[in-house]
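Trainee: I would like to learn how to read a protein model, one question at a time. Could we go through this one together?

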Amino acid sequence: MPKPEQFPWHGHTVALVGSAESLLRSDFGPAIDSHDIVLRINQGAFAALTPENTGLRTDYVLLTLTGGTNRAKVSFLWRARRAARAGVVLMSHKGRRIFRLDMSKFFLSYPPSWQDALIETLGHRPSTGAMAVDLLTRTIASPDHLDLYGFDFFRTPDIAHGRNRVVAHDPQAEEHYILGRIAPEHFHASPEAP
């Protein structure tokens, strides 16, 4: 099992940026980019970034490779690696094999036992955002070093592809879980859709 200090963000301030469309109506960009490390989730790293709303930096992309062909997974991984200044973190343990090769040998990874524990806690398959919160709260030096932006629990579509709830998640369970792990002053809610 990895130790918290093995993760590159352990002693740093971290902005975890979700991909809710409501982020585009915020003014969080400068605050996001002021963190030591900025992490973005899945295709949110591929969306057009602005200095005012989303911030411009992407140090790590937290990536889930479920579904799709091997070729699509390679393309997704390649795009994520190009978007991230420092690297990619593989999240869901499902889909980490590409052409029978376990990609977790080459990238930082969210441990499968942590994902299994989170599934048991939530009672359903977690979103990459819920897994990211679990990973970071387990591996960051202080909870005061973690800030969340761009999470609205599927109230608005994803900025990368204009859809919400691409797979079945439980928004209420995830909201309860995440807000239970993050102090209110570190959860930065974006204006919601009218």
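Mentor: Gladly! Let us begin with a pair in one helix: Arg 138 and Asp 134 both lie in α4, four residues apart, about one turn of the helix. Helices here are DSSP runs of H or I with at least four residues, strands are runs of E with at least two, and both are numbered from the N terminus. This is a predicted model, where local features need pLDDT of at least 70 and side-chain atom pairs count only at pLDDT 80 or more, while totals for chains, interfaces and linings use all residues. Residues are numbered from 1 along each chain as its sequence is written, and side-chain values use heavy atoms, with hydrogens and water left out.

Trainee: What do the side chains of Arg 138 and Asp 134 meet in, and at what N to O distance?

Mentor: An α-helix has 3.6 residues a turn, so residues three or four places apart point the same way. Side chains of opposite charge can pair when their charged atoms come close. The term salt bridge asks for a side-chain nitrogen of Lys or Arg within 4 Å of a carboxyl oxygen of Asp or Glu. Arg 138 and Asp 134 meet in a salt bridge, with an N to O distance of 3.1 Å.

Trainee: Is Asp 134 buried or exposed?

Mentor: Buried means under 20% relative accessible area, exposed means over 50%, and partly exposed is in between (1.4 Å probe, protein chains only). Arg 138 has 33%, so this residue is partly exposed. Asp 134 has a relative accessibility of 3%, so the answer is buried.

Trainee: Which residue forms a salt bridge with Asp 134 at 3.6 Å?

Mentor: The closest N and O atoms of this pair are 3.6 Å apart, and the partner of Asp 134 is Arg 181. The pair links distant parts of the chain, 47 residues apart, with Asp 134 in helix α4 and its partner in helix α5. At 33% relative accessibility the partner is partly exposed, and its name is Arg 181.

Trainee: Which residues of α5 are buried, and why do they line one face of the helix?

Mentor: Helix α5 covers residues 171-181, and its buried residues are Pro 171, Ala 173, Glu 174, Tyr 177 and Ile 178. Seen down the axis, they line one face because they fall within an arc, taken from the directions from the helix axis to the C-beta atoms, of 160 degrees.

Trainee: Which exposed residues sit on the face of α5 turned away from its buried side?

Mentor: On the buried side, the cover includes α3 (112-122), α4 (128-139) and β8 (146-149), counting contact as heavy atoms within 4.5 Å. The face turned away carries the exposed residues Gln 172, His 176 and Gly 180.

Trainee: Which side chain makes a polar contact with the side chain of His 186 at 2.9 Å?

Mentor: His 186 is in the loop between α5 and β9 (187-188), and its relative accessible area of 11% makes this residue buried. A polar contact is a pair of N or O atoms within 3.5 Å; within protein, one must be able to donate a hydrogen and the other to accept it, and residues adjacent in sequence count only if both atoms are side-chain atoms. The His 186 side chain makes one such contact with Asp 144 at 3.4 Å. At 2.9 Å, the partner is Asp 147.
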